[in-house]
Structure formats: C-alpha cells, structure tokens
Amino acid sequence: MKSVSVLCRGESLKHIKNLPKSDIVILVNRFGEEIESIPGLKEYLNSTEIYLCTSGTIGELDCLKKINFFEEYKPTKIIR
C-alpha cells in the first residue's frame with residue numbers, strides 16, 4: 001500500500017522534518033515560496049511522486065516556473 005501526504009501552505013510546513021517520507025505527495029495551490037524557504041521541504045519532495053492540485057487561476061504556477069519546479073521535480077499529475 002502506498003502512503004500519501006497532502007501538503008498545504010502554512011505554519012505546519014515548518015514541521016516537515018517530523019513527517020515520514022511518503023510515496024506520493026500532493027501539493028495544494030501555490031508552492032514556490034515555500035519550497036525555497038521552508039527548511040527540509042526540498043529534501044522531502046526529492047525522489048517522490050508529486051501531484052500538483054491547482055485552482056487554475058491566472059499566474060498561480062508562475063512561482064513554480066520561477067524555481068524550475070516542473071523540470072526539477074517532474075510532477076506526474078496536475079489536478080485542477
């Protein structure tokens with residue numbers, strides 16, 4: 001059975017190092033600033049299957065494009 005983590009933006013991300021590694025990570029909404037600024041988040045996302053859940057609003061993915069998210073992490077699904 002695969003494990004899944006759903007990550008939303010906010011203060012709880014500061015505790016990412018306490019979360020067991022998951023097989024699948026679902027990122028909800030904008031996430032560019034958090035990936036760059038939350039210690040341990042980049043490492044948590046490495047070698048993990050990533051689903052990106054977005055609202056589809058204009059400019060929502062800009063912060064992810066800015067940090068080369070799609071090239072570096074290669075999300076397998078984008079859910080709108």
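This passage describes the overall fold of a predicted protein model and the surroundings of one of its strands, β2.

The protein contains 4 helices and 4 strands, arranged along the sequence in the pattern β-β-α-α-β-α-α-β. Its radius of gyration is 12 Å, close to the 12 Å that the globule rule gives for 80 residues, so the protein is as compact as a globular protein of that length. Taken along the principal axes, the box filled by the C-alpha atoms is roughly 35 × 25 × 20 Å. Of the contacts between residues at least 6 apart in sequence, 52% join residues at least 24 apart.

Buried residues account for 39% of the 80 residues. The exposed area of the protein is about 5200 Å², of which carbon and sulfur atoms supply 54%. The side chains include 12 positive and 11 negative ones, and the centres of these two sets are 2 Å apart.

Strand β2 spans residues 24–28, and 5 of its 5 residues are buried, so the strand is largely enclosed by the rest of the structure. Ile-24, Ile-26 and Val-28 point one way from β2, while Val-25 and Leu-27 point the other way; residues of both sets are buried.

Strand β2 is paired with two other strands. Strand β1 (residues 4–7) runs parallel to β2 and is joined to it by 4 bridges; in this pairing Leu-7 stands opposite Leu-27. Strand β3 (residues 49–53) also runs parallel to β2, with 5 bridges between them, and here Tyr-51 of β3 stands opposite Ile-26. Leu-27 and Ile-26, the β2 residues named in these pairings, point opposite ways from the strand.

Technical notes: Residues numbered from 1 in each chain as written. Predicted model: local features only at pLDDT ≥ 70, side-chain atom pairs only at ≥ 80, totals over all residues. Heavy atoms only, no water. Rg over C-alpha atoms; globule rule 2.2 N^0.38 Å. Buried < 20%, exposed > 50% of the residue type's maximum accessible area, 1.4 Å probe, protein only. Contact = heavy atoms within 4.5 Å. Areas by Shrake-Rupley, 256 points an atom, 1.4 Å probe, with all protein chains shown as cover. Lys, Arg positive; Asp, Glu negative; His and termini not counted. Charge placed at Lys NZ, Arg CZ, Asp CG, Glu CD. Pairing = 2+ DSSP bridges.
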